[in-house]
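Reader: I would like a close look at one part of this model, the pair of parallel strands and the helix that joins them, together with the surroundings into which that part is built. Please take it residue by residue where that helps.

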Amino acid sequence: MRSLIDILDLSVQEIEELISVSEDIIANPEKYREKCRYKKLATLFFEPSTRTRLSFEAAMMELGGNVLGFSDANSSSSSKGESVSDTVTVVSGYADIIAMRHPKEGAPLVASMKSSVPIINAGDGGHNHPTQTLADLLTIKREKGTLENLTIGFCGDLKFGRTVHSLIAAMSRYKGIKFVLISPEELKLPSYVKETYIKNKGIEYEQTTSLDDAMDKLDVLYMTRVQKERFFNEEDYLRLKDSYILTPEKLVPAKEDLIILHPLPRVNEISTAVDNDKRAAYFRQARNAKYIRMALILKLLEVD
Ligand code: CP
């Protein structure tokens with residue numbers, strides 16, 4: 001039995017297979033409608049979510065399975081003091097697979113040690129978000145035709161942005177990748193991520209505070225929200241929240257075949273005026289998430 005806690009739990013070959021299955025699901029959805037009949041997915045969300053929880057639930061429903069779970073820690077017995085370990089021990093007796101989001105880094109890993117069914121990390125604190133990364137990789141592959149030889153700019157909150165950490169880890173395994181890290185000083189990429197996945201692998205990178213200086217070099221621009229929920233004081237959040245706002249004017253020097261990604265939700269960091277630009281791929285990215293989560297459920301449940 002396998003869980004998905006970190007994106008590197010999957011090999012490059014396995015990610016290729018998930019992308020390929022996702023493409024087949026998109027082309028032939030009817031083939032998959034009964035694949036998970038009588039199977040149950042539990043979504044245990046101790047933190048708010050729209051896309052991740054609902055796309056997991058939609059994914060299981062489109063595979064013919066059922067879903068159960070909670071979307072708010074306050075409506076679960078964790079509000080009475082139950083531990084993650086106990087919750088998971090119990091729920092793994094009710095469901096065949098569990099997707100869990102938790103504000104504490106490492107909680108899904110702890111859950112996977114107790115669970116008798118596969119655990120999927122649906123986001124743990126400011127640490128990792130591997131299934132968002134799968135959606136990001138599928139989107140890059142569909143939009144650019146490749147995961148190699150790309151210059152990827154990450155812009156915004158690189159400190160707390162867990163999707164950034166997981167995507168950097170994933171992209172560091174492909175050939176010809178360059179990273180441009182664009183953030184305010186206070187929201188720089190954590191040094192453990194930079195050391196492990198960039199410096200130690202000899203990957204070319206630049207660090208800057210200026211989105212304007214980086215724009216014309218990028219093949220992929222990955223915008224992020226400043227993660228209000230991870231700040232210790234509101235004053236710092238208010239000072240930093242609008243550090244970068246992508247507008248049509250800012251995109252003037254950008255490549256014609258740039259793609260703009262964002263894990264969403266967005267607050268202010270991409271003007272709605274950008275939404276009609278063909279390079280804005282973030283809503284397609286959100287749609288792709290359902291398909292690759294379907295592929296992941298099939299893989300972890302070992303459904304043929
Ligand atoms: N991208 C993402 O994780 O969105 P939600 O927080 O809405 O699930």
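Author: What follows starts with the strands and the helix, moves on to the nonpolar cores, and ends with the charged pairs and the backbone of some loops.

The model is a predicted one, and every value below is computed from it. The part you ask about consists of strand 6, covering residues 178-182, and strand 7, covering residues 204-208, which run parallel and are joined by five bridges. Together with helix 7, which spans residues 191-199, these two strands make a β-α-β unit that is right-handed.

Val180 is a convenient place to enter the unit. This residue belongs to strand 6, and across from it, in strand 7, stands Glu206. With a relative accessibility of 2%, Val180 falls under the 20% limit and therefore counts as buried. Setting aside neighbours up to four places away in sequence, the contacts of Val180 include Thr151, Ile152, Gly153 and Phe154, and they also include Glu206 and Thr208, with Ala214 and Leu218 completing the list. Of these, Thr151, Ile152, Gly153 and Phe154 fall within strand 5, which covers residues 151-155, while Glu206 and Thr208 fall within strand 7. For a sense of distance, the C-alpha atom of Val180 is 17 Å from that of Asp257, a residue 77 places away along the chain.

On the helix, Lys194 deserves a separate look. Lys194 lies in helix 7, and although its side chain is that of a lysine, its relative accessibility is 14%, so it counts as buried. Apart from residues within four places in sequence, Lys194 is in contact with Leu181, Leu189, Lys199, Tyr205 and Gln207. Leu181 falls within strand 6, and Tyr205 and Gln207 fall within strand 7, so that this one helix residue has contacts in both strands of the unit. Arg293, by contrast, is 28 Å from Lys194, C-alpha to C-alpha, and 99 residues from it in sequence.

Phe179 leads from the unit into the interior. Not counting residues up to four places away in sequence, Phe179 touches Ile152, Phe154, Ile168, Met171, Ser172, Ile198, Ile203, Glu204, Tyr205 and Glu206. In the largest nonpolar core, which has 59 residues, Phe179 is among those with the most contacts, and the others named with it are Leu134, Phe154, Ile168 and Met171. Helix 10, running over residues 282-300, supplies the largest share of this core, namely nine residues. Since domain 1 (7-128 + 289-300) and domain 2 (130-286) both give residues to it, this core lies between the two domains. A second core, separate from this one, has 20 residues, including Met223, Leu258, Ile270 and Val274.

The charged side chains can be taken next. Side chains of opposite charge can pair when their charged atoms come close. In this model the count of salt bridges comes to 24. One of them joins Asp257 to Lys144, with N and O 3.6 Å apart. Because Asp257 lies in the loop between helix 9 (234-240) and strand 9 (259-261) and Lys144 in helix 5 (residues 130-144), this pair ties together parts that are 113 residues apart in sequence. Asp257 is partly exposed, at 48% relative accessible area. Another pair is formed by Lys241 and Asp242, whose closest N and O atoms are 3.2 Å apart; Lys241 is partly exposed at 26%, and Asp242 is partly exposed at 34%. Arg37 forms a salt bridge with Glu34 at 3.3 Å, and Arg37 is partly exposed at 46%. Arg2, Glu14 and Lys299 are linked in a network of salt bridges.

Some loops carry backbone features that merit a check. Most residues other than glycine have a negative phi, and most peptide bonds are trans. Asn149, in the loop between helix 5 and strand 5, has a positive phi near 55° and is exposed at 56% relative accessibility. Tyr38, in the loop between helix 1 (12-27) and strand 1 (40-45), likewise has a positive phi, near 70°, and is exposed at 66%. The peptide bond from Leu264 to Pro265 is cis, with omega near 5°, and Pro265 is found in the loop between strand 9 and helix 10.

Key
Residues numbered from 1 in each chain as written. Predicted model: local features only at pLDDT ≥ 70, side-chain atom pairs only at ≥ 80, totals over all residues. Heavy atoms only, no water. Pairing = 2+ DSSP bridges. Helix = DSSP H or I, 4+ residues; strand = E, 2+ residues; numbered from the N terminus. Right-handed = clockwise from strand over helix to strand, strands pointing away. Core = buried A, V, L, I, M, F, W, Y, C linked by side-chain atoms within 4.5 Å. Buried < 20%, exposed > 50% of the residue type's maximum accessible area, 1.4 Å probe, protein only. Domains from an automatic or database assignment. Contact = heavy atoms within 4.5 Å. Salt bridge = Lys/Arg side-chain N within 4 Å of Asp/Glu carboxyl O.
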